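Work through the two exercises below with the sequence and the coordinates open beside you, and try each task before reading its solution.

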Amino acid sequence: MSVLEVRNIEKHFGATRVLEDISFSLEQGQALAIIGSSGSGKTTLLRCLNFLEKPDRGTISVNGDIIFDAGDPDTQKESEVRKKRLHFGMVFQSFNLFPQYTALKNVTLAKELLAQEQPDFKARKKEILAQIQADGEALLERMGLSDRAGHYPSQLSGGQQQRVAIARALALQPDILCFDEPTSALDPELTGEVLKVIRSLAEQKTTMIIVTHEMAFARDVADQVIFMDGGVIVEQGDPRQVIDHPREERTRQFLSRYAQG
């Protein structure tokens, strides 16, 4: 069974159709790379998956359960949106860290807030918070940031901030980890340290969707690649087929422009 099934998703902004008939699936432990020019719909697709935007048509299923159906109002209740977002960990282009909190607090905050809703939180508060902190410290260690746990975002490099953002997304143990061009806000010398972390997550079989312009990285790390243009999926398949031997003219033109640019 697929972890994620996206079927016939469409999204309009006024008269502009940003996504049209988007369908794909993702298996447990797979990494999917989405490539395409700016404005092709890649970020909007991630925002629809994370319910930051509401699709106008189509369905989204996680682990066999339909969590969104544009034709079924019961799947669109605002009270359920936060719960549905927990399926997707989101790492944005900009780091979106809370400047007033340390790296560790940025990682643990969401889990602490959710824990307060547990019926036994008051009775087990000290134990629960201690475990959350230990889990946060372990995530920062995975990111190579154990010595930065007490630092504030302003005291961290861009690459370090993005690694904190990755740890924060992992903290809630999402079914799918989503990256929206995670290196686009970084200087070239810092890009490698973030890509190294994502590569490590792929090796650990973390289920991921990665919107990226790093073609060599997509070829080497992804299990499948989708090329989008004008809000549609033009081509999808094995990364070496799509990137090295594309079948569609639009894919070839995009990769040619990218190689030249």
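The exercises concern a predicted model, and they deal with its nonpolar cores and then with one of its strands.

**Exercise 1.** Identify which residues of the largest nonpolar core touch the most other members, and then determine which helices and strands each supply at least two residues of this core.

*Solution.* Begin with the membership: the largest nonpolar core has 34 residues, of which Leu 140, Ile 166, Phe 179 and Met 208 touch the most other members. Next, assign the core to elements: at least two residues come from each of α3 (103-115), α4 (121-142), α5 (158-171), β7 (176-180), α6 (188-203), β8 (208-211) and α7 (215-221). Then take Leu 140 as an example; once neighbours within four places in sequence are left aside, its contacts are Ala 103, Leu 104, Val 107, Leu 145, Ser 146, Ala 149, Val 164 and Ala 167. Finally, set apart a second, separate core, which has 28 residues, including Ile 9, Leu 32, Val 62 and Phe 88.

**Exercise 2.** Establish which way the side chains of β8 point, and which strands pair with β8 in the parallel sense.

*Solution.* Consider the side chains before the pairing: Met 208 and Ile 210 point one way from β8, whereas Ile 209 and Val 211 point the other way, and all are buried. Turning to the pairing, β3 (residues 31-35) runs parallel to β8 and is joined to it by four bridges, with Ala 31 having Met 208 as its bridge partner. Strand β7 also pairs with β8 in the parallel sense, over four bridges, and here Phe 179 has Ile 210 as its bridge partner. As a last step, follow the chain through β7, α6 and β8, which make a right-handed β-α-β unit.

Key:
Residues numbered from 1 in each chain as written. Predicted model: local features only at pLDDT ≥ 70, side-chain atom pairs only at ≥ 80, totals over all residues. Heavy atoms only, no water. Core = buried A, V, L, I, M, F, W, Y, C linked by side-chain atoms within 4.5 Å. Buried < 20%, exposed > 50% of the residue type's maximum accessible area, 1.4 Å probe, protein only. Contact = heavy atoms within 4.5 Å. Pairing = 2+ DSSP bridges. Right-handed = clockwise from strand over helix to strand, strands pointing away.
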